[in-house]
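Biologist: Please take a close look at the charged side chains that pair up in this model, and at what lies around them. A connected account would suit me better than a list.

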Amino acid sequence: MRPDSTHGQETVADVGEFGLIRRITEGRKQGAPTLLGPGDDAAVVAAVDGRVVASTDVLVEGVHFRFDWSPPDQVGRKAIAVNLADIAAMGAVPTAVLVGLACPSTTPVSVIDELSAGMWHEASRARIGIIGGDMASSDTMVISVTALGDLEGRMPVTRGGAMPGDIVAVAGRLGWSAAGLAVLGRGFRSPVTVVGAHRAPEPPYAAGPQAADCGATAMIDVSDGLLADLGHIGVASNVAIDVRTDLIEVHQRLIDVAQALGADPRHWVLTGGEDHALAATFPDPGAIPEGWRAIGTVTRGSGVTVDGATYEGAAGWQHWR
């Protein structure tokens, strides 16, 4: 259903701002760090560490999601997931999220109900709550999420700590979202596992703090593509990174989909964004924790190469291009 297609249904204009807030928040369970949830001028979240990790992402209908491709609940899951992945990439544990929502006045309330249900589902997967936000009228639906996190005594793992000799490793899936996008772009809706990976990514939240505890020297959320995001680590750390394709497993499901579409599954894995896996560098192979996979090395120099050579083609997603 289109979010602006009412068909006689109750709309957000009928319910009003505060009625909509009650629908989204009533009866929902907050995470342990929430000391004061929605209902006042601001929420209060415990910051036991004394530091707060914060990140914001904006999702725009037609750019980051399409309701003809993704049902509202999966759009809601994705909106939360892309933000919490950034918190994990700093080595922090998520504590809460705030949500800003702008939409047309004709948006059916049922769409917002499903959207919020997906948001709460993903927040509960990270054991946190939605503690507040804002709403506004807009011609296009826009979702803005601010995520908060707790370092629990750790030093933040930035993009700028990689050193020559480090090992590059990843946790989570690569290429699945890009494959799902390709399938949807061809007008198909299956295989469900591949399409679902694009509609609602599943970042490995626990892998971020795990990597930090094991001495990760740099880390990043793979949102724009593996090569593009490793390039950010390379620039911030003033190093070069080489990815070895013999170390990267391409799942058979991606191979099957690529054969059906006449595509290269390796390209999806190396450059596809929105899986929200984590990529990190470690001082030696023994430091790589369980669940992480070594895929390359850090050397002196600059740039990202694949098997020692420059990759032909775009390294990943770029806004405004």
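Modeller: Arg77 and Glu122 are both buried. This is a predicted model, and in it the side chains of these two residues meet in a salt bridge, with 3.4 Å from N to O. Arg77 belongs to helix H3 (residues 72-89) and Glu122 to helix H4 (residues 109-125), so the pair ties together parts that are 45 residues apart in sequence.

Helix H3 also holds Lys78, which is paired with Glu274 in the loop between helix H10 (265-271) and E10; the two residues are 196 apart, and the pair links distant parts of the chain. The closest N and O atoms of this salt bridge, Lys78 to Glu274, are 3.2 Å apart. Lys78 has 3% relative accessibility and therefore counts as buried, the limit being under 20%.

The pair of Arg77 and Glu122 does not stand alone: salt bridges that share partners join Arg77, Glu122, Arg125 and Glu202 into one network. In total, the model has eleven salt bridges. Another of them joins Arg51 and Asp49, where the closest N and O atoms are 2.5 Å apart. Arg51 has 31% relative accessibility, so this residue counts as partly exposed.

Glu202, from the network, leads on to an empty space. Together with Gly172, Arg173, Pro201 and Asp275, Glu202 lines the largest cavity. That cavity holds about 40 Å³ of space, and the count of cavities of 30 Å³ or more is one. By class, its lining has three charged residues, one polar and one nonpolar.

Arg173, from the same lining, also lies over the face of a ring: that of Trp176, at 5.1 Å from the ring centre. A second arginine, Arg66, is placed over the face of Trp69, at 3.8 Å from the ring centre.

Rings also pair with rings here, and the count is two aromatic pairs. Phe65 and Phe67 have ring centres 5.3 Å apart and planes at 80°; angles over 60 degrees count as edge-to-face, so this pair is edge-to-face. Both Phe65 and Phe67 are buried. Phe282 and Trp292 also form an edge-to-face pair, with 5.5 Å from centre to centre and 75° between the planes. Phe282 lies in strand E10 (residues 277-282) and Trp292 in the loop between E10 and strand E11 (293-299), so the pair ties together parts that are ten residues apart in sequence. Phe282 and Trp292 are buried as well.

How values were computed: Residues numbered from 1 in each chain as written. Predicted model: local features only at pLDDT ≥ 70, side-chain atom pairs only at ≥ 80, totals over all residues. Heavy atoms only, no water. Phe/Tyr/Trp six-rings, centres within 6.5 Å; stacked < 30°, edge-to-face > 60°. Buried < 20%, exposed > 50% of the residue type's maximum accessible area, 1.4 Å probe, protein only. Helix = DSSP H or I, 4+ residues; strand = E, 2+ residues; numbered from the N terminus. Lys NZ or Arg CZ within 6 Å of the ring centre and 35° of its normal. 1 Å grid on protein atoms, 1.4 Å probe; cavity = no way out; pocket = protein on both sides within 12 Å on 5 of 7 lines; lining within 4 Å. Points joined across faces, edges and corners; volume = space filled by probe spheres on them. Nonpolar A, V, L, I, M, F, W, Y, C, P; charged D, E, K, R; others polar. Salt bridge = Lys/Arg side-chain N within 4 Å of Asp/Glu carboxyl O.
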